[in-house]
Amino acid sequence: MCGRYYVDDETAREIEKLVRDLDRKLQIERSGDVFPSQNAIILKGEGNHLAVGQMRWGFPGFEKGKLLINARAESALERRTFQDSVQHRRCIIPARGFYEWSKSKEKFSYERKDTPVLFMAGCYNWYEDQERFVILTTEANSSVAPIHNRMPLILEPGELKDWVLDDRATEYLLHKTPVLLEAHAEYEQMRLL
């Protein structure tokens, strides 16, 4: 599951470089934590190229006031709520990293070692006269599994256009194993020897 992610200043600058190439009008408004129901920067397809925009995080849930913020990559094409979006409206959510909490409520952040931006796969749809996205999750790899059994589906920079623009690549990318990430605990547990 991915219930919160973040963008730091360095990541915002990297996204701005990417944005500059895509859309000179859009500015990165802030860095910090992004929560469900907030607007966030995303990349989506326009014609045959990537474009940048803002969308609200979360599809309306089945219960009033609840949001669907994640979709399982393995079954998204089979679920009515996500099927059409995954087939025709895929997007990318750029971030520095994301958070997970252990069973004992310890907070961990996950980031890439090799770059200040990770790209999470998502899909979007129109609800209440606005575009909204969800983050696709997959089975956790060995870097996240000790804390949580799910993690965002992370795309490589060379897969971004394929994810958004190439319908033939969708099935393959939905089942890929994400890159290993670096975990950081909010605080270190002291141990007595």
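Leaving out neighbours up to four places off in sequence, Lys176 is in contact with Thr138, Leu153, Ile154, Leu155, Glu156 and Glu159. Start there. The model is a predicted one. Lys176 sits in the loop between α4 (170–174) and β15. Is this lysine buried or exposed? Its relative accessible area is 9%, and the limit for buried is under 20%, so Lys176 counts as buried.

Now step back to the whole chain. It has four helices and 15 strands. The chain holds 193 residues, and 49% of them are buried. The accessible surface comes to about 10800 Å². Carbon and sulfur atoms own 47% of that surface. How much of the contact network joins residues 24 or more positions apart? Among contacts with a separation of 6 or more, the share is 65%.

Next, the strands. Strands of a sheet pair through backbone hydrogen bonds, in a parallel or an antiparallel way. One open sheet here has five strands, in the order β2-β1-β9-β10-β15. Its pairing is antiparallel. The edges are β2 (32–34) and β15 (182–185), and each of them pairs on one side only. Neighbouring strands in this sheet are turned by 30° against each other on average, with direction ignored. The β15 edge also brings back the opening residue, since the loop holding Lys176 runs between α4 and β15.

At the other edge, β2 meets β1 (residues 5–7). Three bridges join the two strands, again in the antiparallel sense. Within this pairing, Tyr5 has Val34 of β2 as its bridge partner.

Another pairing involves β3 (residues 39–46) and β4 (residues 49–57). They are antiparallel and share eight bridges. One of the bridge pairs matches Gly45 with Leu50 in β4. The two strands form a hairpin with two residues between them. In that hairpin, Gly47 takes a positive phi near 65°. Strand β3 also pairs with β8 (residues 90–95). That pairing is antiparallel, with two bridges. Here Leu43 has Ile92 of β8 as its bridge partner.

Ile92 leads inward. Apart from residues up to four places away in sequence, Ile92 touches Ile42, Leu43, Phe119, Met120, Leu155, Leu160, Trp163 and Val164. Ile92 belongs to the largest nonpolar core, which has 28 residues. Which residues have the most contacts inside that core? They are Phe82, Val86, Ile92, Leu136, Leu155, Trp163 and Leu174. Several elements give two or more residues to this core: α1 (9–22), β3, β4, α2 (80–88), β11 (118–127), β12 (130–139), α3 (160–165) and α4. A second, separate core has 25 residues, including Ala40, Ile93, Tyr110 and Tyr124. Leu155 links this part of the story to the opening, as it is among the contacts of Lys176.

The aromatic rings come next. A search of the whole structure finds seven aromatic pairs. One of them joins Tyr5 and Trp57, with ring centres 5.2 Å apart. The planes stand at 55°, so this pair is tilted. Tyr5 lies in β1 and Trp57 in β4, so the pair ties together parts that are 52 residues apart in sequence. Both partners are shielded: Tyr5 is buried at 1% relative accessible area, and Trp57 is buried at 0%. Tyr99 and Trp101 make another tilted pair, with centres 6.0 Å apart and planes at 45°. Tyr99 counts as buried at 11%, whereas Trp101 is partly exposed at 29%. Which aromatic cluster includes Tyr5? Tyr5, Trp57 and Phe133 form one cluster.

Finish at Pro60, in strand β5 (residues 59–60). Its relative accessibility is 27%, so Pro60 counts as partly exposed. Beyond residues up to four places away in sequence, Pro60 touches Lys66, Leu67, Leu68, Tyr127, Glu128 and Arg132. How far apart are the C-alpha atoms of Pro60 and Tyr127? They are separated by 7.6 Å, while the two residues are 67 residues apart along the chain.

Definitions and conventions: Residues numbered from 1 in each chain as written. Predicted model: local features only at pLDDT ≥ 70, side-chain atom pairs only at ≥ 80, totals over all residues. Heavy atoms only, no water. Buried < 20%, exposed > 50% of the residue type's maximum accessible area, 1.4 Å probe, protein only. Contact = heavy atoms within 4.5 Å. Areas by Shrake-Rupley, 256 points an atom, 1.4 Å probe, with all protein chains shown as cover. Pairing = 2+ DSSP bridges. Axes fitted to C-alpha atoms, helices over the stretch in contact; angles between N-to-C directions. Core = buried A, V, L, I, M, F, W, Y, C linked by side-chain atoms within 4.5 Å. Phe/Tyr/Trp six-rings, centres within 6.5 Å; stacked < 30°, edge-to-face > 60°.
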